[in-house]
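Visitor: I'm new here, so could you walk me through what I'm looking at?

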Amino acid sequence: MIQRMKLPKAQEVDFDLDRYINRYLPQPQLHRLPWPISRFLGYRRVPQQEVGNLLVCAWAFVGAFAGLLLVMGVFKTSETIQSYHPPLIVASLGATAILDYQTIQSPLAQPRSSILGHVLGAVVGVGITKLFKLRSDFESLRWVAGAVCTAAASLVMGLTNTVHPPGGATALLAAVDPTIDAMGWFLVPLVLIGTLLMLGSALVINNIQRQFPMFWWTPRDVGPKKGPPDIEKTSEVPQESRERRISRAVGLLRENSIVITRDQVVIPDGFTLGLEEKGILEVLRDRLRNPDQYESSIGDHSSSES
């Protein structure tokens, strides 16, 4: 008797590209760089303290102004770029400025989404537009091409974990804006240059009092999974000095655990925390700094209850 294979329901299907490629990626090495460099690449030894919304708005204003001014300045002064008769700026980069300088903790604003979302949107938009232009009545179908480009860009970004809403606008512009349409495939490097300039500006401005990016590729672990140690091989290793064993144990602890002391909070490289989680760690650190005050507050609370 032949047993039919049961197909999964549509709502049960979950494709995650990172599940297949993260194991082949190298682990972040920002902690090995000199501190001034690693800081402006988003690395922190302890969680960055949050700033109030007034400072967030002030830095977002400075960042958006400087970032867009930089992009438009490069576009206007580059003879190579001007030879393609581009617009003053690709309008979708304006939306990227809001993400890159205002909502810098959003996954949509991280470098992977910001760069690849725009590039994939440009590739999809130009490619589909060129297919539509094979028809003689393309001008009457621009609106249809724009809808198809944006929908396809959304699909591609979703499957590659590179969702960046301005990337959908880039795909749309490739179809409905005649100036951008005339550039053809040059839109792809143009958008790439623009996003890289915006990212470079964001790394400087956002890391003065805040932290950016929260991650470069993914907040999850990357690299091959480490299996359990081989007992036979371990037994053949010469006995190490006590100091060296302690040093290695502390290093392993720091790499795989969150360490809270009176002076600092150490988290593993590549491990990101939400705002509430950061607050909890800071409360625990403060308790270690002032244990007497905490115990007295507990005692007062107990006596008031009794």
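Guide: Sure, let's start with Arg-142: at 12% relative accessibility, Arg-142 counts as buried, where buried means under 20% relative accessible area, exposed over 50% and partly exposed in between (1.4 Å probe, protein chains only). Keep in mind that this is a predicted model, where local features need pLDDT of at least 70, side-chain atom pairs count only at pLDDT 80 or more, and totals for chains, interfaces and linings use all residues. Residues are numbered from 1 along each chain as its sequence is written, and side-chain values use heavy atoms, with hydrogens and water left out.

Visitor: Which side chain does Arg-142 meet in a salt bridge?
Guide: Side chains of opposite charge can pair when their charged atoms come close. Here a salt bridge is a side-chain nitrogen of Lys or Arg within 4 Å of a carboxyl oxygen of Asp or Glu. The partner is exposed, with a relative accessible area of 57%. At 2.9 Å, N to O, the side chain that meets Arg-142 is that of Glu-139.

Visitor: Which residues are linked with Glu-139 and Arg-142 in a network of salt bridges?
Guide: One of them is partly exposed, at 39% relative accessible area, and another is buried, at 11%. Those two side chains meet in a salt bridge of 3.4 Å, N to O. The network links Glu-139 and Arg-142 with Lys-133 and Asp-181.

Visitor: How many residues apart in sequence are the parts tied together by Lys-133 and Asp-181?
Guide: Helices are DSSP runs (H or I, at least four residues), as are strands (E, at least two), numbered from the N terminus. Lys-133 sits in the loop between H6 and helix H7 (142-159), and Asp-181 in helix H9, so the pair ties together parts whose separation in sequence is 48 residues.

Visitor: Is Asp-18 buried or exposed?
Guide: Asp-18 is in helix H1, residues 18-21. Asp-18 forms a salt bridge with Arg-112, with the closest N and O atoms 2.8 Å apart. This pair joins helix H1 to helix H6, so parts 94 residues apart in sequence are tied together. With a relative accessible area of 4%, Asp-18 is buried.

Visitor: Which residues have the most contacts inside the largest nonpolar core?
Guide: A nonpolar core is a set of buried Ala, Val, Leu, Ile, Met, Phe, Trp, Tyr and Cys residues joined through side-chain atoms within 4.5 Å. The largest one has 29 residues, and those with the most contacts inside it are Val-90, Tyr-101, Leu-187 and Leu-190.

Visitor: Which helix gives the largest share of this core?
Guide: Several helices each supply at least two residues of this core, among them H3 (53-77), H5 (92-101) and H6 (111-132). The largest share is 8 residues, and it comes from H10.

Visitor: What is the distance in space between Arg-210 and Val-56?
Guide: Arg-210 is in the loop between H10 and helix H11 (231-235), and at 7% relative accessibility Arg-210 counts as buried. Contact means heavy atoms within 4.5 Å, and not counting residues up to four places away in sequence, Arg-210 touches Val-56, Trp-59 and Tyr-101, among others. Arg-210 and Val-56 are 154 residues apart in sequence, yet their C-alpha to C-alpha distance is 8.5 Å.
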